[in-house]
Amino acid sequence: MTRGLSLFVASVAAVCAAASAGASAARGGTIRGRVVLKEAPKRIERLPSVADLGAPMPPRHGADADRRRSVVYLESAPRGAFELNPPAHAMMDQRNETFVPHVLAITTGTVVDFPNSDRIYHNVFSLSRPARFDLGRYAAGRSKSVRFDQPGIVRVFCDIHSHMNAFILVFSHPFFAVTDEDGRYHIDNVPPGTYSVVAWNEGVSSEPRPVAVTDGGAADLDFTVR
Amino acid sequence: MTILSSLRNRIFLASALLAMLCIGLAIFVVNVRVTQEAERTLEREMVATAALVDSLRTTRTETFTQMARFIADAPPLKAAVDTNDPPTVQDVADGYQQQVKANLLIVTNRVGRVLATVGASAPTAEIIASQPAVRRALAGRESYSLLPQPDGVIQLVTVPVFVGLRQPDMLGTLSVGFMLDNALAGQLKQITLSDIAFGMNGQILAATLPRTAYPALAGLLSTKGLSRVQIGAAEYEALSRPLSTPLEAGGEASGPVALILRSRTEQLRFLEAIHAGLVATALVAVLLATLLSFGVARTVTRPLAAITDVMRDVAATGDLTRKIALGSGRRWPDADARLLADTFNTLTDSIARFQREISQKERLSSLGRLSTVIAHEIRNPLMIIKASLHGLRRPGLTAAELGEAVADIDEEVARLNRIVNEVLDFARPVPIRRSTVDLNAFCRECAAASERGGAGAAVHLDLAPDVPPVSIDPDRLRIALVNLLTNARQAVAARNGDGPAPEPGAPLVTLRTAARPGGTTIVVADRGVGIDRANEARVFDPFFTTRPGGTGLGLAIAKTIVEGLGGTIAVASVPGRGTEFRIDLPSPGRAAS
């Protein structure tokens with residue numbers, strides 16, 4: 001297994017070369033399947049620290065469910081895919097000292113809003129290479145935004161609440177999907193062709209797997225991660 | 001031992017020894033107790049210091065652990081580690097290192113690769129990252145380890161860096177290290193006032209003592225409890241404390257150790273002052289005790305000396321009226337000495353009384369015997385004189401008869417006169433006039449005088465040439481000696497009737513002189529008839545005689561004279577073989593006293 005970030009740098013360049021001959025962009029096929037997590041992320045025996053004092057106990061239901069969501073994406077995208085990207089807006093909320101959603105997948109050029117829906121101050125910053133930013137601390141009810149122009153994986157943190165973290169996966173093409181809590185996904189409108197597909201969960205990627213997409217057809221592809 | 005034969009010496013020695021023993025024992029006990037107490041205090045201080053060092057170390061470790069946790073929990077570090085980008089992490093690590101002033105700060109990613117190092121070279125960081133501590137931290141457990149460095153022991157707290165609450169995501173590890181080096185040892189020394197050393201694997205890595213002491217200290221690393229070590233001129237009490245609990249060290253015997261050292265030499269220096277003080281006190285006390293013992297011994301024996309002086313005086317002078325007078329004004333009257341003195345006074349009184357009674361009796365007895373002798377001795381001549389006078393009255397007296405009667409009367413008168421002289425010689429106390437004479441010459445003179453007295457055996461002279469001059473009254477002693485020689489010659493003459501001498505050729509009468517220790521001896525020996533055993537004890541009694549015509553005063557007079565000169569006279573006789581009279585005269589020095 002390899003880390004997703006490095007894969008991404010290489011994959012972006014490969015997207016055009018691997019694209020299949022001009023298919024209909026409007027229709028295309030579907031890739032669907034399930035990402036099975038071999039094992040749940042290990043719990044760390046940790047000592048209570050001062051950082052725990054402000055933590056909500058117990059955490060909001062669904063935080064664990066969020067962590068079971070994976071992202072499945074085409075390692076190589078068909079030619080001309082980029083022109084289809086519409087300028088988009090996404091949102092990563094901050095509620096109960098948690099980033100919601102925990103995993104956000106966007107295309108390049110997307111502006112992500114980080115509203116503070118808590119009653120306390122929050123901060124959003126990242127040191128990840130595709131997007132280094134620090135929105136500073138801001139009060140409840142306010143919101144700040146970041147535009148992500150580089151593809152890659154960006155991990156965001158809150159410098160006030162050390163346990164808060166979230167992943168934003170920035171793709172240069174639209175052929176990706178976030179699974180549901182059970183790992184099911186489907187990627188629609190994939191131009192016919194042969195692709196290699198990767199599943200990613202919490203910083204861990206699967207081996208790329210090849211899939212042939214036919215026009216109007218549906219290819220089943222299951223993954224096992226970790 | 002002659003020293004112990006004196007009561008005063010015995011008392012003095014006993015008191016002095018007793019005093020010395022008591023003082024010595026007391027000083028010894030005090031010394032032992034003080035030394036023990038000092039040792040115990042030193043041990044207590046060591047244990048207290050060890051507890052202090054332990055507590056400081058624990059506090060320090062806890063502080064570092066907390067510090068490491070805080071840094072590991074800081075979102076910037078987490079974000080940096082998550083990038084897996086060494087320059088990014090290095091920036092953050094530098095910032096934190098400056099804040100906490102840690103000696104060492106190492107960050108690894110989730111597979112244990114070093115992302116940032118502060119305070120150590122890259123190879124060192126790799127070595128540290130390969131320690132089990134990092135693997136444990138990646139498994140989510142904090143760990144505490146100690147690693148030897150050239151200039152000390154590094155105390156390393158390794159904590160996981162993770163993010164999230166329920167199912168945290170392990171990002172990497174953070175190790176924060178603090179050196180146990182000379183600087184820290186110096187700080188601990190300021191707090192604990194003890195020397196501190198840190199060592200590991202049988203090697204001293206840092207200490208407050210100079211580097212030359214390291215080999216000696218290294219031997220203490222594996223010891224348990226208190227031990228002692230000689231470093232240079234000073235002896236140190238050492239206590240080794242493991243820096244890691246057995247759990248942390250994994251049961252290693254060569255684990256890191258803190259040595260707590262205290263200079264016994266310095267700590268126990270005050271003991272030397274006490275020892276010196278005690279010795280000085282002991283010396284002074286023994287001196288005083290000796291002087292006091294001497295004084296006490298003297299107070300005991302001084303009355304005895306006074307009594308002895310008087311006794312000696314009495315013995316020398318025969319003055320029984322001398323009394324021992326113990327000063328009544330004395331500060332410490334001695335009842336025992338007074339009793340002794342009183343008893344002695346009573347004794348001399350009694351002796352004086354007995355002497356008076358005896359002399360009274362003797363006088364009466366002598367008077368009785370004198371009366372008998374005089375009656376007999378004087379009556380005989382008187383009878384002869386009366387008979388002669390009766391013959392003179394007879395008519396027809398021839399001239400021859402007249403001459404014979406006159407001669408008889410004359411002879412008897414002379415005899416009477418001699419008796420009166422002898423009685424006077426014996427009874428009249430004649431003062432002794434001493435002069436120093438040559439004894440041998442004196443003896444020759446006496447022998448000649450004796451031979452002139454009448455015919456008989458010759459006196460053989462056997463005179464020792466080395467006889468010293470003697471201090472005698474020559475006139476009086478001549479009377480005694482001539483008397484003895486005359487007796488001897490008469491005894492030999494009396495024998496002639498009984499038969500020849502048993503050893504023909506041997507001298508019949510011998511006058512011998514000899515020197516002996518403390519005086520001289522004159523012996524008059526004869527081969528005469530001897531004296532019966534029954535009479536031998538009485539020969540010196542006045543008026544005892546076995547010879548017809550003797551007054552029995554000759555030997556009594558001789559004895560009086562010899563004893564008057566401070567000497568003694570003794571007789572030894574074998575009947576039928578001879579008699580020997582022996583006169584012992586004291587040397588002039590003794591005679592004078």
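**A sheet with a packed helix, and a helix pair, in chain B**

In this predicted model, strand E3 of chain B is joined by seven bridges to strand E4 (residues 152-163) of chain B, and the two strands run antiparallel. Within this pair, Leu147(B) is placed opposite Ile154(B) of E4(B). Both strands belong to an open sheet of chain B that is built from five strands, whose order is E2-E1-E5-E4-E3 and whose pairing is antiparallel. Strand E2 (114-118) and strand E3 (143-149) of chain B each have a single partner strand and stand at the edges, so that one side of each is left without a neighbour in the sheet. From one strand to the next, the twist averages 20°. Helix H1 (residues 7-73) of chain B packs on this sheet, where it touches E3, E4 and strand E5 (169-181) of chain B, and the direction of the helix makes about 35° with that of E4(B).

Two packed helices are described by the angle between their axes and the distance between the axes. For helix H10 (residues 269-317) and helix H11 (residues 335-393) of chain B, the axes come within 9 Å and cross at roughly 15°. Because angles under 35 degrees count as roughly parallel, H10(B) and H11(B) are therefore described as roughly parallel to each other, and their crossing is left-handed. On the side of H10(B), the contact is made by Pro303(B), Leu304(B), Ile307(B), Met311(B) and Val314(B), while H11(B) contributes Ala337(B), Leu340(B), Ala341(B), Phe344(B) and Thr348(B). Of the residues in this contact of H10(B) with H11(B), nine are nonpolar, one is polar and none is charged.

Notes. Residues numbered from 1 in each chain as written. Chains lettered and ligands numbered in written order. Predicted model: local features only at pLDDT ≥ 70, side-chain atom pairs only at ≥ 80, totals over all residues. Pairing = 2+ DSSP bridges. Helix = DSSP H or I, 4+ residues; strand = E, 2+ residues; numbered from the N terminus. Axes fitted to C-alpha atoms, helices over the stretch in contact; angles between N-to-C directions. Contact = placed C-beta atoms within 7 Å. Parallel < 35°, antiparallel > 145°, perpendicular 65-115°, else oblique. Left-handed = near helix turned anticlockwise from the far one by under 90°. Nonpolar A, V, L, I, M, F, W, Y, C, P; charged D, E, K, R; others polar.
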